[in-house]
Amino acid sequence: MRILGIETSCDETAAAVVENGNRLLSNVVASSVNLHAAFGGVVPEIASRSHLEVILSVIDQAVREAFQGQTPEEAWDQIDAIAVTQGPGLSGSLLIGVLTARTLAIAKKKPLYAVNHVHAHVYASFLTKTALPGYNLPAKPPAFPLLSLIVSGGHTQLVRFRGHFSYTVLGQTLDDAVGEAFDKVAKILGLPYPGGPSVALAAKNGNPNSVKLPKAKLGNKYDFSFSGLKTAVLRAAQELAGQDYAFPSHKLPKALSASQKANLAASFQQTAVDTLAGGLSEAIKEFNPKSVVIAGGVAANQKLRWLTKSLRPTPVFPDIKLCTDNAAMIAAQAYYQASNKRPAADPYSLEITPDLSM
Ligand code: KG4
Ligand code: ZN
């Protein structure tokens, strides 16, 4: 079964074709990140407009790459279903993807599957085969019961799966997502958006033990909280700059030296990933899963990969290109909906769900 996935929940317009939930035939991602960088975060109106501008060519490219040498008609004949992100995400962005998918499902007479974006992040690790160059995929899919740490710009959750659609959210962030904390710390330090990669890069030149930062203690040991950590970085930055708490954060990038920024970045990253690894390690001990999957944009973080590699079972990470938003994970998740006989969506009425949760 070949599924065309479509993803437009935030600032990436993506389309991909996946066969049987595990073979990646094509994976196209057009990011509008450069347009948002000047604003230090995603501007929803700009994101929607970019989706609208590129979505048809992104889908066209994904279909052509998956079925090279064939006519568009021959290629579409081999697509068995269409999958689209229904939520969570930005309303205007989700609308472009969902309306495009609905239209294609009607015009091409294909079943349509609605996909939860956060759940789908886990399915990047179910992709095990591809003829596309440059992908480092796991040899076999994860096994159930599986424990997943989903860490992205919008979510931070520990989820225990007994099966594909039978799961319990053990804990989640009570305030900022960890990726959001990376983005906010980058802003404090004057590092470019998105913050994850730029904080990680700056951290390479810093001492992770140089600035003492707090770890949140919460009632549920599987919950997370990162807004206090972000504020602690702000206070430490003001102190290093020789200023008090009233010093405006937008003046900090000029008031801090490169080595102070590196130390703050390294100490923040260390505390953030240590917190994630700690929660995951506790949950592994309690639930004894067969597989552990770390998914979402923050799974691209090398420090997190290094810090969790001694856990058993060894965590599976998707290829870096499949950690951040993509449509291959959407198509892969939909394959399991289809093979578990879950009902397809009505292409005439499928609505977006911006606040969809797991
Ligand atoms: O999964 P994703 O692409 O989008 C959402 O669903 O939110 O995650 C994006 C988030 C951003 O906050 C970005 O800063 C973070 O992932 N990120 C990273 C790294 N690469 C991306 N965080 C830490 N280290 C990285 N290398
Ligand atoms: Zn995501």
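Which residues coordinate the zinc ion (ligand 2)? Select ligand 2 in this predicted model, and the answer appears as His 117 (NE2), His 121 (NE2) and Asp 325 (OD), at 2.0 to 2.1 Å; donors here are N, O and S atoms within 2.8 Å of the metal (3.2 Å for Na, K and Ca), and since water is not among the atoms, sites may look incomplete. Along the sequence these donor residues follow the spacing H-x3-H-x203-D. Because His 117 belongs to helix H5 (residues 117-123) and Asp 325 to the loop between helix H12 (320-323) and helix H13 (328-339), the pair ties together parts 208 residues apart in sequence. Helices are DSSP runs of H or I with at least four residues, numbered from the N terminus. Both His 117 and Asp 325 are buried, that is, under 20% relative accessible area with a 1.4 Å probe and protein chains only.

Keep His 117 selected and add ligand 1: a polar side-chain atom of His 117 lies 3.2 Å from an oxygen atom of ligand 1, a polar contact being a pair of N or O atoms within 3.5 Å. Next select Gly 153, where a backbone N or O atom is 2.8 Å from an oxygen atom of ligand 1, and then Asn 301, whose side chain places an N or O atom 3.0 Å from a nitrogen atom of the ligand.

Finally, show the shell of 20 residues around ligand 1, to which H6 (178-189) gives the most, with four residues.

Residues are numbered from 1 along each chain as its sequence is written, and chains are lettered from A and ligands numbered from 1 in the order written. Local features need pLDDT of at least 70 and side-chain atom pairs pLDDT 80 or more, whereas totals for chains, interfaces and linings use all residues, and side-chain values use heavy atoms, without hydrogens and water.

Conventions
Helix = DSSP H or I, 4+ residues; strand = E, 2+ residues; numbered from the N terminus. Buried < 20%, exposed > 50% of the residue type's maximum accessible area, 1.4 Å probe, protein only. Near = heavy atom within 4 Å. Polar contact = N/O pair within 3.5 Å; in protein donor to acceptor, adjacent residues only side chain to side chain.
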